[in-house]
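Biologist: Let us go through this protein together. I will ask, and you answer step by step.

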Amino acid sequence: MTGGLAATEHQTLALVLFSAFVAATLAITTWVSRRRRGSAEEFYAGGRLFSPMENGFAISGDYMSAASFLGISGLIALFGYDGMLYCVGFLVAWLVVLLLVAELVRNCGRFTLADVVAARVRERPVRIAAGISSVTVSVLYLVAQMVGAGSLVVLLLGGSGPGARTWAVVVVGALMVVYVSFGGMRATTWIQIVKAVLLMGGAAALTAFVLVRFDGHLGVLLTTAAERSGHGRDFLAPGLAYGGDWTARLDFISLGLALVLGTAGLPHILSRFYTVPTARAARRSAVWAIGLIGGFYLMTIVLGFGAAAVVGTDAVRASNPAGNTAVPLLALDLGGGPGSTGGTVLFAVVAAVAFATILAVVAGITLASSASVAHDLYASLRRGRRAGQRSEVAVARASAVGIGAVAIALGLLAQDLNVAFLVGLAFAVAASANLPVLLYALFWSRFTTRGALWAVYGGLVPAVVLVLLSPVVSGSPEAIVPGADFALFPLQNPGLVSVPLGFLAGWLGTVTSREEPDRVARHAETEVRSLTGAGAA
């Protein structure tokens, strides 16, 4: 009776805290919607008025998703050393963004990835290709957040069945549509800033509790985690998840490649560099983001091993086979256990912060994908009739509804997969389709329209097809369609094959093109603009 009462208390408190966050974010959205001017620059880029520090916090809020807070900690709790690959890959990826992308993209584009590429080649076909690719990546990323929301609600409500999971996914989808449709980039940015502060604070508090539990001795923490994992010292060595046969090792390489290269091709990350006034501010935003994200991933490692040591790997797996509930379970135990007031409060705070994380990230992704639909696809399909700013923004708001519906449906299908793993698939598609065309457009003087189209489709189509033919979709009990088996591709992440194919297709399309590359004018103009900011929006 006492356990049931305590469970009801932490459920109620978590719902109250979550409702308070939703109310605050809806208030921000309402405030912003009353002040908006209705222009495309206001809706897509927040008027380019944010400071580097504000944008750095917003970028980190956009990037530190449910995959980071729930998925990575869960993978570390289940697989130890191998789970840390995600932390390393997600962080190292920002060096690529800082050195190759941040300033150049801010100088060459206005709102989307296609703006950068279209400056060099024929605009209409390239915008359509880049728009399709951006929406595909965004939907894959959204699915991961929906899965995280479902896992949290099932744990919060005591495993009350698929109905609660479905409602959680639908509510998150509805809220993200409201944020984007009424608030645009300005509201989304402030929501992400608030969320970043809450997430960093919550992660820091939990990390401190874990370290206090083990008297600050990391060696004792790791030894205890290894003992309670059931794998002994193998838990602290490479190979538990990716060290079996050559297929597992190639999967490890494929995942690492996707994580390191994928960030620079994520639409919702690239769009954040348009919200600051200058390229210098974009670079400083990236520096702020690297500091915040690096600190967060260090804490995530402690939380993952802490969950294995305090909760136990078997208990984490019993709660959620993919490990998505490791951090809330850790919070419950650190606070004193299921029947304690401290456990109730700490669990409720962590669950509310995780929900806030999901809401803020889905808002940013939905905004980026709706911008691609309106600014790239809709504007290009009008065939010469220039879209007005108001009609373009109206299409962006309407497309947020459609994108939300697709993400909800796919999120319900993929509800048993790990959220960090799902984000890894989105990174693979981004690295395969978006990064090759972006780098070629910025740095290769011979780049042509055919090369741009082949780079996008040559990376996008193989990446999506290989995912569909992989063990992720069929052929295993954890697959999306467990009853079928059409897994012809052995790797779970397609990056090892699809990323080189994207670069190869872009090169092949360019060298076989009969189009005469305009080496003197367009490339020179792009180069000058990217390096100096002359003529930048």
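Biologist: What share of the accessible surface belongs to carbon and sulfur atoms?
Modeller: Keep in mind that this is a predicted model. The accessible surface of the protein comes to about 19600 Å². The part that belongs to carbon and sulfur atoms is 66%.

Biologist: What percentage of the residues count as buried?
Modeller: A residue is buried when its relative accessible area is under 20%. The protein has 537 residues. Of these, the buried share is 60%.

Biologist: How many helices and how many strands does the protein hold?
Modeller: Strands are quickly dealt with, as their count is zero. The secondary structure comes to zero strands and 20 helices.

Biologist: What share of the contacts with a separation of 6 or more joins residues 24 or more positions apart?
Modeller: Take the contacts with a separation of 6 or more. Then pick those whose residues are 24 or more positions apart. Their share is 83%.

Biologist: Which residues does L359 contact, leaving aside its neighbours within four places in sequence?
Modeller: L359 sits in helix α15, residues 341–381. Its relative accessible area is 0%, so L359 is buried. F21 is 338 residues away in sequence, yet the C-alpha atoms of the two are 9.8 Å apart. Beyond those neighbours, the contacts of L359 are F18, F21, V22, V172, L175 and Y179.

Biologist: Is Y141 buried or exposed?
Modeller: Y141 belongs to helix α7. Leaving aside neighbours within four places in sequence, its contacts include Y63, L266, H268 and F427. Its relative accessible area is 1%, so Y141 is buried.

Biologist: How far apart are the C-alpha atoms of Y141 and G424?
Modeller: Along the chain, Y141 and G424 are 283 residues apart. In space, their C-alpha atoms are separated by 8.7 Å.

Biologist: Now to charged pairs. How many salt bridges are there?
Modeller: Side chains of opposite charge can pair when their charged atoms come close. Here the cut-off is 4 Å, from a Lys or Arg side-chain nitrogen to an Asp or Glu carboxyl oxygen. By this rule the salt bridges number five.

Biologist: Which helices does the salt bridge between R283 and E103 tie together?
Modeller: The closest N and O atoms of R283 and E103 are 2.7 Å apart. The two residues are 180 residues apart in sequence, and the pair ties together helix α12 (residues 279–310), with R283, and helix α5 (residues 85–108), with E103.

Biologist: What is the relative accessibility of R283?
Modeller: Its partner E103 is partly exposed, with a relative accessible area of 26%. R283 also counts as partly exposed, at a relative accessibility of 30%.

Biologist: Where does α5 bend?
Modeller: The 24 residues of α5 should span 34 Å at 1.5 Å a residue. Its end C-alpha atoms are 33 Å apart, which agrees with that span. Still, α5 has a bend of about 50°, and it falls at V97.

Biologist: Which residues form one network of salt bridges that share partners?
Modeller: Start with R127 and D115, whose closest N and O atoms are 2.7 Å apart. R127 lies in helix α7 (residues 123–156) and D115 in helix α6 (residues 113–118), so the pair ties together parts 12 residues apart in sequence. Both R127 and D115 are buried. Through shared partners, the network joins D115, E123, R127 and D376.

Biologist: Which residue forms a salt bridge with R213?
Modeller: R213 is partly exposed, with a relative accessible area of 39%. Its salt bridge has an N to O distance of 3.8 Å, and the partner is D333.

Biologist: What is the phi of D215 near?
Modeller: D215 lies in the loop between α8 (162–213) and α9 (218–229). At 62% relative accessibility, D215 counts as exposed. Most residues other than glycine have a negative phi. D215 is not glycine, yet its phi is positive, near 55°.

Biologist: How many disulfides does the structure hold?
Modeller: Consider two cysteines. C87 counts as buried, at 4% relative accessibility. C108 counts as buried too, at 6%. A disulfide needs two cysteine sulfur atoms within 2.5 Å. The number of disulfides in the structure is zero.

How values were computed:
Residues numbered from 1 in each chain as written. Predicted model: local features only at pLDDT ≥ 70, side-chain atom pairs only at ≥ 80, totals over all residues. Heavy atoms only, no water. Helix = DSSP H or I, 4+ residues; strand = E, 2+ residues; numbered from the N terminus. Buried < 20%, exposed > 50% of the residue type's maximum accessible area, 1.4 Å probe, protein only. Contact = heavy atoms within 4.5 Å. Areas by Shrake-Rupley, 256 points an atom, 1.4 Å probe, with all protein chains shown as cover. Expected span 1.5 Å × (residues − 1). Bend = angle between axes of the 7 residues up to and from the residue.
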